[in-house]
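Student: Please take me through this structure one term at a time. For each term, I would like to hear how we know that it applies.

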Amino acid sequence: MLSVVPAFTLIGGTTRPGLLSQPLHGRFGIALGLDFYDAASLAMIIDCAHYQDGRRQGDHMVSLQEAAAWCDLGGFVWLGLFEPGPEELAEVRETFGLHELAVEDALTYHLRPKLETYERNDRLVVLRTARYNDAAEEVEFGSISVFLAPTFVITVRQGMTDIGTGTYP
């Protein structure tokens with residue numbers, strides 16, 4: 001499951017898988033367990049934010065569902081992903097209505113940059129990146145796929161994409 005959860009406090013919770021404390025279960029009728037995410041899943045979403053009039057709204061990441069809802073209310077959403085798997089990109093495709101072939105292209109390592117236009121005039125731009133590794137004395141390659149639409153920009157980084165800025169997106 002792909003989501004960004006803002007910081008919160010769960011009173012009466014437990015770190016034991018599949019269990020919630022009796023006060024939560026008895027008082028609120030909550031009968032579910034908490035999911036645990038590995039570091040790779042948490043690191044996949046670099047940022048997800050809503051922009052209005054050229055300015056970022058809020059200082060926290062928003063969930064995919066919240067981001068998609070903002071697309072209908074003006075401004076645009078910028079979602080930055082780093083090496084997502086097929087399941088994560090499928091969820092992004094479903095949430096934002098991306099074309100299936102565009103998502104397939106974003107998962108495929110391309111030898112050449114390309115620009116494709118899909119339904120609704122959405123575009124996919126695939127760019128190659130290169131970085132010289134001084135220690136190994138070799139060039140490392142990667143790619144950035146950019147989904148462009150009037151209400152969102154989704155960037156998918158694969159491999160070596162560091163441009164030395166230290167920030168993203």
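**Strands, helices and a core**

Tutor: Start with β6 and β7, which form a hairpin with two residues between them. This is a predicted model, in which local features need pLDDT of at least 70, side-chain atom pairs count only at pLDDT 80 or more, and totals for chains, interfaces and linings use all residues. Residues are numbered from 1 along each chain as its sequence is written, and side-chain values use heavy atoms, with hydrogens and water left out.

Student: How do you know that β6 and β7 pair?

Tutor: Two strands pair if DSSP finds at least two bridges between them. Eight bridges join β6 to β7, so the condition is met. The two strands run antiparallel, and Leu148 stands opposite Val153 in β7.

Student: What makes β5 and β6 a pair?

Tutor: The count of bridges does: 11 join these antiparallel strands. Leu124 stands opposite Phe147 in β6. The hairpin of β5 and β6 has four residues between the strands, and Glu137 there takes a positive phi near 55°.

Student: Why is the pairing of the seven-strand sheet called mixed?

Tutor: Look at β3. Six bridges join β1 to β3 in the antiparallel sense, whereas β3 and β7 pair in the parallel sense over six bridges. In β3, the bridge partner of Ile45 is Leu81; in β7, Leu79 has Ile154 as its partner and Val77 has Phe152. The order of the open sheet is β2-β1-β3-β7-β6-β5-β4.

Student: What makes β2 and β4 edge strands?

Tutor: Each of them pairs on one side only.

Student: How many helices and strands does the protein chain have?

Tutor: There are five helices and seven strands. They are DSSP runs numbered from the N terminus: helices are H or I with at least four residues, strands E with at least two. Along the sequence the pattern is α-α-β-β-α-β-α-α-β-β-β-β.

Student: Why is the crossing of α4 and α5 called right-handed?

Tutor: A crossing is right-handed if the near helix is turned clockwise from the far one by less than a right angle, and left-handed if anticlockwise. The crossing of α4 and α5 is of the right-handed kind. Their axes come within 10 Å and cross at roughly 150°. Axes are lines fitted to C-alpha atoms, for helices over the stretch in contact, and angles run from 0 to 180 degrees between N-to-C directions.

Student: Which residues of α4 and α5 meet?

Tutor: Pro86, Leu89 and Arg93 in α4 meet Glu100, Val103, Ala106 and Leu107 in α5. Contact means heavy atoms within 4.5 Å.

Student: What makes a set of 26 residues a nonpolar core?

Tutor: A nonpolar core is a set of buried Ala, Val, Leu, Ile, Met, Phe, Trp, Tyr and Cys residues joined through side-chain atoms within 4.5 Å. Buried means under 20% relative accessible area, with exposed over 50% and partly exposed in between (1.4 Å probe, protein chains only). The largest such core here has 26 residues, and Leu79, Leu81, Val92 and Ile154 are among those with the most contacts inside it. α3 gives the most to this core, with four residues.

Student: Which residues does Ile154 touch?

Tutor: Not counting residues up to four places away in sequence, Ile154 touches Leu79, Leu81, Val92, Phe96, Leu98, Ser145, Val146 and Phe147.

Student: Where do α3 and α4 lie?

Tutor: α3 lies across β1, β3 and β7, at about 145° to β3. α4 lies across β3 and β7, at about 170° to β3.
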